[in-house]
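Thank you for making time for this; I would like to walk through one model, and I will keep to what can be read from its coordinates. Please have the structure open as I speak.

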Amino acid sequence: MDIPYTATARPDTGVYNAKVGIWLFLASEVMLFGGLFSAYIFLRIGAPAWPGMLGGQLYKTSFDVLNVPIGTFNTMILIASSVTIVMSWASLMMNDFKKYKRYMGLTILCGLAFLVVKAFEYNAKFSHGLFPADGNFLAIYFTLTGLHGLHVVGGIIVNSYFWGPGSKMWKTDPKRFTNRIEVAGLYWHFVDIVWIFLFPTIYLL
Amino acid sequence: MAKNAHNKDLQVTHPETSHAHGEHHPELGFWRKYVFSTDHKVIGLQYGFTALFFLLFGFTLVMIMRWQLAYPGEALPLIGWLFSEESMPGGVMLPEFYNQLGAMHGTIMVFLGVVPLAVGAFGNYVIPLQIGAPDMAFPKLNMASYWAYFLGGVVMLGSFFVPAGAAKAGWTSYPPLANIETMGQTMWLLGMVFLITSSLLGAINFLTTIIQLRAEGLTFMRFPFFVWAQLITSFLLLLAFPPLEAAAILQLMDRLAGTSFFLPSGLVVSGQAMDITGGGSPLLWQHLFWFLAHPEVYVLILPAMGIVAEIIANNTRKPLWGYKAMVYSVIFLGFMSFIVWAHHMFITGMGTAISAFFQITTMIISIPSVIILSALFLSLWGGSIRFTTPMLFALGFLPMFGIGGLTGLPLGLAPTDIHLHDTYYVIGHFHYVVAPGTILALFAGIYYWYPKITGRSMNDLLGKIHFWGTIICMNFIFMPMFIQGLAGVSRRLYDGGQLYQFAQPVLKWNEVMSIAAWIMGLVQIVFIVNLFMSIRKGKKVTENPWEATTLEWSATSSPPLAHGNFQSIPRVYRGPYEYSVPGNSRDFAPQNEPEEKVPVA
């Protein structure tokens with residue numbers, strides 16, 4: 001006997017299995033990042049100055065430490081990638097596999113671009129002698145953006161699989177493949193939303 | 001009624017049955033069938049045996065500790081030579097080694113023993129059968145969940161062999177102590193990351209399976225209580241574990257990248273100012289840790305309550321008293337368990353206003369627990385009780401959990417907690433909940449579902465010896481802890497409190513407790529023999545030996561080890577506990593049996 005509702009929705013719940021699964025997973029992710037954001041609030045409330053002393057130098061505001069234009073640019077990249085992944089799913093819904101490939105490819109490229117920009121940002125910090133151990137502002141900055149970066153990497157791996165070898169399923173089970181892209185899209189949106197909270201919290205406030 | 005008609009359509013056009021899937025043929029090779037299996041029953045058994053091994057291992061650790069507590073400074077006889085010179089020179093335990101054993105006993109029992117057995121093993125094996133599903137919703141994730149747990153266990157065990165040994169900062173890993181710990185603590189954190197991943201995958205799988213794969217006609221209010229208990233448990237695992245993962249990441253950063261998340265400014269260790277930027281807070285760890293660890297208490301107890309409910313209904317031959325009240329209570333309990341965590345932190349100086357809030361929520365959460373326990377007690381009233389081995393364990397659970405729960409109330413109130421905090425009273429309290437409570441219930445579950453797994457029942461006489469030996473010894477181990485704790489003996493002393501004047505009158509109990517622990521160790525041999533011997537030698541039984549009503553008993557015994565548990569897709573017509581219904585020909589009505597056509601006069 002096969003497992004039911006992998007491709008079609010269960011009539012009384014109205015969803016297929018993976019969609020329940022991904023929403024539950026995202027709920028758990030909210031708690032993970034929620035824990036870290038709570039830690040940020042906890043540390044900041046207890047700090048005499050924020051960002052404060054970092055590597056022997058006093059910083060009054062967070063944009064003295066971090067590069068806001070680059071952060072904004074990266075925000076734009078991620079938002080764009082959220083649009084393209086929706087388009088890739090919509091293309092499948094309209095039976096246009098070629099368009100799907102193009103939009104999913106764009107999504108992956110956006111993800112990679114985000115990571116490259118992030119790498120330049122990290123490098124700039126390191127070359128100025130600013131490391132996680134130099135103060136709680138940097139510690140939480142590197143931890144939160146690092147963990148978010150890992151989520152981006154995970155998303156890129158999954159999306160690349162669906163762009164490349166995984167896309168064979170389109171020929172055998174198009175409905176299930178479309179579902180997979182929808183689920184991957186939900187995850188990718190979540191990664192995007194985390195950044196949308198993370199960017200103002202760390203860069204601007 | 002309209003809904004039922006709708007469900008009938010669903011049966012006819014069952015969406016997946018027409019698919020030709022070649023990948024799940026039963027002729028899998030040995031590795032795919034028994035090792036890297038995706039079948040929920042194999043995974044359930046893998047979880048079960050691994051968890052039982054860890055329970056025994058964790059218990060062995062504490063049996064060694066109890067020698068040191070009963071006879072401090074004396075060489076450990078018989079097996080003392082097994083240990084290295086850094087842990088037990090000449091068989092005499094060093095304080096550092098005692099701390100390793102203590103920290104790892106707690107960690108192993110909670111995260112590698114009880115939770116994997118209660119959720120991983122029973123949940124995996126029983127839930128799909130009880131809801132009439134062919135397997136879990138995500139079989140591959142299920143396998144990944146087991147192997148993540150296995151790796152976590154390997155890392156935890158491996159930590160005993162790194163330089164300076166395993167983690168020594170207690171199972172709670174409070175900083176700053178945990179931050180300045182040796183390498184074992186890093187291993188502990190990595191192991192926890194594996195275990196958290198495992199329970200995350202498991203929780204997603206259980207929830208999706210219960211919501212999506214239940215049989216037609218199995219509405220939520222027709223769930224056996226065990227399914228409800230596992231459903232709420234999975235929500236707790238899903239939402240409470242990630243903050244601990246966050247905390248573990250922060251502590252790893254502190255230890256490996258030199259940050260100061262949990263280290264305050266001006267920290268002095270062994271007379272030396274630490275070279276850190278500071279500005280962190282040890283309280284932050286405690287908040288994140290207990291945000292997990294309080295719901296974790298309910299992760300430990302809810303599956304046990306579920307098992308006990310099944311067995312009590314079956315062996316009293318009557319419906320559970322107050323099924324609906326129990327269901328609403330368990331939902332409320334799950335919700336409340338997220339807002340009681342700081343009652344573990346009354347004496348940390350977090351402030352009286354916060355203490356007041358958390359002691360109120362703590363008193364509130366005791367209400368649903370009491371409702372569930374009372375309902376189980378009242379279910380016995382007027383039943384024709386069959387004193388089978390599983391029933392004995394289930395009956396033992398009720399008063400033992402009652403003692404554990406009631407002794408928790410003084411800990412939930414700040415004024416009394418100040419005296420009792422960090423004493424043996426606390427150890428006695430939570431062991432009554434988890435050991436004579438949960439572990440008795442887990443044994444009950446093993447005896448109860450064993451015939452379903454093997455097609456044979458376990459030996460009754462050996463089972464009864466196991467029960468009486470275990471419950472008597474457990475009370476001799478844990479009851480004196482209340483006496484010692486009320487006298488003020490602190491919980492983490494490696495000599496059991498020899499150096500304290502006030503502890504002298506109650507120290508004599510240490511020997512009693514230790515001897516009871518060792519006898520209990522011997523009694524478990526009876527269980528181990530019974531468990532393995534009955535696989536081949538046990539009495540052969542039918543597929544429904546207990547004459548139970550829930551769906552798992554309509555599947556063949558020892559169901560085939562491939563997806564698919566039932567001959568045909570089951571359909572559910574009635575509630576879970578229709579025992580002794582007046583006018584019926586038998587005293588039980590299985591859930592998948594249509595209404596008897598005889599009109600009730």
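I will go from one helix of chain B to its surroundings, and then to chain A and the interface.

Before anything else, please bear in mind that this is a predicted model.

Let me begin with helix 11 of chain B, which covers residues 389–406 and so has 18 residues; from its first C-alpha to its last, helix 11 of chain B reaches 26 Å, close to the 26 Å expected at 1.5 Å a residue. Where along this helix are the buried residues of helix 11 of chain B? They include B:Thr389, B:Pro390, B:Met391, B:Leu392, B:Phe393, B:Ala394, B:Leu395, B:Gly396 and B:Phe397, and then also B:Met400, B:Phe401 and B:Gly404. Among the elements that cover these buried residues are helix 8 (282–316), helix 10 (352–379), helix 14 (424–454) and helix 15 (460–486) of chain B.

That leads to the core. The largest nonpolar core has 235 residues, and those with the most contacts inside it include B:Phe393, B:Ala394 and B:Phe397, together with B:Ala441 and B:Ala444. If we set aside neighbours within four places in sequence, B:Ala441 is in contact with B:Phe393, B:Ala394 and B:Phe397, and also with B:Ala304, B:Ile307 and B:Val308.

Turning to helix 14 of chain B, I would point out how it packs with helix 15 of chain B, at an angle of about 170° and with their axes 7 Å apart. Because of that angle, helix 14 of chain B is roughly antiparallel to helix 15 of chain B. The residues of this contact divide into 15 nonpolar, five polar and no charged; among them are B:Tyr432 and B:Tyr447 in helix 14 of chain B, and B:Met474 and B:Phe478 in helix 15 of chain B.

Now to the interface. How many residues of chain A are in contact with chain B? There are 34 of them, and they meet 42 residues of chain B. The elements of chain A that give two or more residues to this side are helix 1 and helix 5 (136–163), and the largest share, 15 residues, comes from helix 1 of chain A. By type, the residues on the chain A side divide into 20 nonpolar, eleven polar and three charged.

Finally, A:Asp12 lies in the segment before helix 1 (17–46) of chain A. A:Asp12 is partly exposed, because 14 other C-beta atoms lie within 10 Å. Its C-alpha atom is separated by 27 Å from that of A:Val30, 18 residues apart along the chain.

Notes:
Residues numbered from 1 in each chain as written. Chains lettered and ligands numbered in written order. Predicted model: local features only at pLDDT ≥ 70, side-chain atom pairs only at ≥ 80, totals over all residues. Helix = DSSP H or I, 4+ residues; strand = E, 2+ residues; numbered from the N terminus. Expected span 1.5 Å × (residues − 1). Buried ≥ 20, exposed ≤ 12 C-beta atoms within 10 Å, placed from the backbone. Contact = placed C-beta atoms within 7 Å. Nonpolar A, V, L, I, M, F, W, Y, C, P; charged D, E, K, R; others polar. Core = buried A, V, L, I, M, F, W, Y, C linked by C-beta atoms within 7 Å. Axes fitted to C-alpha atoms, helices over the stretch in contact; angles between N-to-C directions. Parallel < 35°, antiparallel > 145°, perpendicular 65-115°, else oblique.
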